[in-house]
Amino acid sequence: MTSELDIFVGNTTLIDEDVYRLWLDGYSVSDAVALRVRSGILEQTGATAAVLQSDTMDHYRTFHMLERLLHAPPKLLHQLIFQIPPSRQALLIERYYAFDEAFVREVLGKKLSKGTKKDLDDISTKTGITLKSCRRQFDNFKRVFKVVEEMRGSLVDNIQQHFLLSDRLARDYAAIVFFANNRFETGKKKLQYLSFGDFAFCAELMIQNWTLGAVDSQMDDMDMDLDKEFLQDLKELKVLVADKDLLDLHKSLVCTALRGKLGVFSEMEANFKNLSRGLVNVAAKLTHNKDVRDLFVDLVEKFVEPCRSDHWPLNDVRLFLNQYSASVHSLDGFRHQALWDRYMSTLRGCLLRLYHD
């Protein structure tokens with residue numbers, strides 16, 4: 001009696017997403033096996049511990065071989081050694097370059113250098129993220145920075161082109177690169193309430209409006225560097241608080257427009273000049289690198305904290321900033337409307353994001 005047996009032979013590389021996550025999280029093979037056992041996989045599959053150990057080791061070997069390709073994702077697409085479907089390739093890349101919120105908050109705005117890398121032990125202890133995962137994430141930030149820092153064109157587009165990341169992740173990396181390049185301070189105690197998403201939102205606004213690329217898309221490092229000429233010109237805005245007549249007229253216009261519309265009208269009226277001086281002086285100081293680095297500290301100190309201490313609701317902050325910005329267009333003696341709009345369109349968005357009432 002003969003038996004017929006159909007056999008199918010394939011060479012598609014199998015990727016177990018759960019094991020990949022354990023590898024990315026920095027677990028050793030033995031720790032990964034223990035976690036898989038704890039998940040109940042032996043009962044679900046009927047496999048033995050020895051088979052699970054072998055399976056985990058096999059996956060780890062594959063991931064180690066893939067890692068050099070993941071450092072330059074287009075190579076993963078064009079290599080012929082590993083037969084991986086496109087959807088799986090995209091998953092491998094996206095998850096390899098994903099990062100932990102707790103980790104990125106510790107390094108955001110710091111120089112991506114050996115000095116910062118030496119702090120990874122402490123960051124690992126503080127965040128509970130394995131040292132191996134911290135190193136992967138840091139090296140990813142540094143790798144992306146090095147590849148795009150000298151490129152012309154859109155920062156997000158360059159990151160997507162060279163690392164094949166999703167739009168959202170590419171935008172997050174653009175924010176990380178932008179903050180690292182300009183060394184914005186994010187670690188001070190008074191800024192700890194802010195999330196990476198808050199800073200990334202502000203980075204996107206600054207890239208769109210305050211960089212060289214905002215005025216010339218062919219400029220080198222267009223989205224990396226702030227427009228120095230624009231920062232120098234911001235000193236011209238000081239007239240709004242240095243000229244008493246302009247300051248009084250600006251206050252009058254804002255108060256007239258908002259009377260009966262703000263729950264904190266009396267507090268706004270009493271504090272208008274201090275708030276205006278704070279916002280304008282932040283602009284005037286951005287010619288110095290240290291003041292650029294301290295931008296978020298200054299915004300919190302000069303605007304967010306005073307409004308918060310007077311219990312301004314977020315909607316009142318929004319109404320005030322909208323009117324404060326728009327009323328300048330009615331000041332006949334003011335000659336820097338375009339400069340003001342370029343400054344305040346970004347600052348208004350950032351302040352609303354920074355203000356948690």
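Q: Where does R183 lie in this structure?

A: Good place to start. This is a predicted model, and in it R183 sits in the loop that joins α12 to α13.

Q: What is the phi of R183, and is the residue buried or exposed?

A: R183 is not a glycine, yet its phi is positive, about 60°. On the second point, relative accessibility gives the class: between 20% and 50% a residue is called partly exposed. R183 has 38%, so it is partly exposed.

Q: Which loop holds H311, and what is its phi?

A: H311 is placed in the loop between α19 (295-309) and α20. It is another non-glycine residue with a positive phi of about 60°. Exposed means over 50%, and because H311 has 66% relative accessibility, it counts as exposed.

Q: Back to the two helices around R183. How do I read the way α12 and α13 cross?

A: Look at how close the axes come and at the angle between them. For helix α12 (residues 167-182) and helix α13 (residues 196-209), the axes come within 9 Å and cross at roughly 80°. Angles of 65 to 115 degrees count as roughly perpendicular, so α12 and α13 are roughly perpendicular to each other.

Q: Which residues make the contact of α12 with α13?

A: From α12 come R168, R171, D172, A174, A175, I176, F178 and F179, and they meet F196, F199, A200, A203, E204, M206 and I207 of α13. Sorted by class, this contact has eleven nonpolar and four charged residues, with no polar ones.

Q: How can I check the length of a helix such as α4?

A: Compare the expected span with the distance between the end C-alpha atoms. Helix α4 (residues 49-70) has 22 residues, which at 1.5 Å a residue should span 32 Å; the end C-alpha atoms are 30 Å apart, so the two agree.

Q: Which residues of α4 are buried, and what do they pack against?

A: A general idea helps here: an α-helix has 3.6 residues a turn, so residues three or four places apart point the same way. In α4 the buried residues are L52, T56, H59, Y60, T62, F63, L66, L69 and L70. They pack against α1 (17-24), α2 (29-38), α3 (41-45), α5 (73-78) and α6 (86-97).

Q: What does T62 of α4 touch?

A: Leaving out residues up to four places away in sequence, T62 touches T13 and F82. Buried means under 20%, so T62, at 12% relative accessibility, counts as buried.

Q: How do α1 and α4 cross?

A: Their axes come within 10 Å and cross at roughly 65°, so α1 and α4 are roughly perpendicular to each other. The crossing of α1 and α4 is right-handed. On the α1 side the contact uses V19, Y20, L22 and W23, and on the α4 side T56, H59, Y60, F63, H64, E67 and L70. By class, these residues of α1 and α4 are seven nonpolar, three polar and one charged.

Q: One last residue: is L321 buried or exposed, and what is it in contact with?

A: L321 is part of helix α20 (residues 314-327). Its relative accessibility is 0%, so L321 counts as buried. To read its surroundings, set aside neighbours within four places in sequence: L321 is then in contact with L279, F303, R348, L351 and L352. Take F303 as one of these contacts: L321 and F303 are 18 residues apart along the chain, and their C-alpha atoms are separated by 11 Å.

Note on methods:
Residues numbered from 1 in each chain as written. Predicted model: local features only at pLDDT ≥ 70, side-chain atom pairs only at ≥ 80, totals over all residues. Heavy atoms only, no water. Helix = DSSP H or I, 4+ residues; strand = E, 2+ residues; numbered from the N terminus. Expected span 1.5 Å × (residues − 1). Buried < 20%, exposed > 50% of the residue type's maximum accessible area, 1.4 Å probe, protein only. Contact = heavy atoms within 4.5 Å. Axes fitted to C-alpha atoms, helices over the stretch in contact; angles between N-to-C directions. Parallel < 35°, antiparallel > 145°, perpendicular 65-115°, else oblique. Nonpolar A, V, L, I, M, F, W, Y, C, P; charged D, E, K, R; others polar. Left-handed = near helix turned anticlockwise from the far one by under 90°.
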